[in-house]
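New notebook page, new structure. I'll jot down what I look up as I go.

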Amino acid sequence: MELAWQWTQRERCPDSDYWEFLKAIVDTASQRWHETDRGFWEVRGDPQHFVHSKVMCWTALDRGIRIARQCGLEGPISPGSTRRCCCFLKPASLSTRTSE
């Protein structure tokens, strides 16, 4: 998504097929950001919440929204904006912590 955003910064907008692909990435990030994973380095053991994974999902949402706005494309603007904020401000790792 960052590469697509950089490309858009150079006044090049994605064609319709590429935009559909990018929207699918944004949609997947918006639906799965709260899930645990094995992290960037494929940590052994149970899946966990990793900050890097949360930030990459947030970045996908942010860049998708920016591309849509800059190119005048229909996309994940209204719902995505809300999801982007929720994803960034309240990651699942914070909402599932318990006091010891």
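What volume does the largest pocket have? I get about 260 Å³ for the largest pocket. A note to self before going on: this is a predicted model.

**Entry 1: the pocket**

I started with empty space, since rolling a probe the size of a water molecule over the atoms shows where some is left. Next I wanted to know who lines the largest pocket. I count 14 lining residues, and Thr-28, Ala-29, Ser-53, Met-56 and Cys-57 are the ones nearest the centre. Which helix gives the most to this lining? That turns out to be H3, with six residues. Helix H3 runs over 51-71, and both H2 and H3 supply at least two lining residues each. I also sorted the lining by character: six residues are nonpolar, four are polar and four are charged.

**Entry 2: a nonpolar patch**

I turned to the surface next. Which residues form a nonpolar patch there? I noted down Trp-7, Tyr-18, Phe-21 and Ile-25, which together have about 360 Å² of accessible area. Helix H2, residues 16-32, brings the largest share of the patch, with three residues. I checked Ile-25 on its own. Ile-25 sits in helix H2, and its relative accessible area of 30% makes it partly exposed.

**Entry 3: salt bridges**

Side chains of opposite charge can pair when their charged atoms come close, so I went looking for such pairs. How many salt bridges does a search of the whole structure find? My tally is five. I wrote up three of them.

The pair I looked at to begin with is Arg-63 and Glu-2, whose closest N and O atoms are 2.5 Å apart. Arg-63 belongs to helix H3 and Glu-2 to helix H1 (residues 2-9), so this salt bridge ties together parts that are 61 residues apart in sequence. Are the two partners buried or exposed? For Arg-63 I have buried, at 16% relative accessible area. Glu-2 is partly exposed, at 32%.

Then I looked within H3. Arg-66 forms a salt bridge with Asp-62, and here the closest N and O atoms are 2.8 Å apart. Both residues lie in helix H3, four residues apart, which is about one turn of the helix. Arg-66 is partly exposed at 39% relative accessibility, while Asp-62 is buried, with just 1% relative accessible area. I then followed the shared partners: salt bridges join Glu-2, Asp-62, Arg-63 and Arg-66 into one network.

My last pair is in helix H2. Glu-20 and Lys-23 meet through their side chains in a salt bridge, at 3.2 Å from N to O. The two are three residues apart, again about one turn of the helix. Glu-20 counts as partly exposed at 47% relative accessibility, and Lys-23 is partly exposed as well, at 25%.

**Entry 4: a loop residue**

I finished with Phe-40. Where is Phe-40 placed? I found Phe-40 in the loop between H2 and H3. Is Phe-40 buried or exposed? The value is 56% relative accessibility, and the cut-off for exposed is over 50%, so Phe-40 counts as exposed. I also checked Phe-40 against His-52. The two are 12 residues apart in sequence, and their C-alpha atoms are 7.4 Å apart in space.

How values were computed. Residues numbered from 1 in each chain as written. Predicted model: local features only at pLDDT ≥ 70, side-chain atom pairs only at ≥ 80, totals over all residues. Heavy atoms only, no water. Patch = residues over 30% accessible without salt bridge, like charges linked within 9 Å, V, L, I, M, F, W, Y side chains within 5 Å. Areas by Shrake-Rupley, 256 points an atom, 1.4 Å probe, with all protein chains shown as cover. Salt bridge = Lys/Arg side-chain N within 4 Å of Asp/Glu carboxyl O. Buried < 20%, exposed > 50% of the residue type's maximum accessible area, 1.4 Å probe, protein only. 1 Å grid on protein atoms, 1.4 Å probe; cavity = no way out; pocket = protein on both sides within 12 Å on 5 of 7 lines; lining within 4 Å. Points joined across faces, edges and corners; volume = space filled by probe spheres on them. Nonpolar A, V, L, I, M, F, W, Y, C, P; charged D, E, K, R; others polar.
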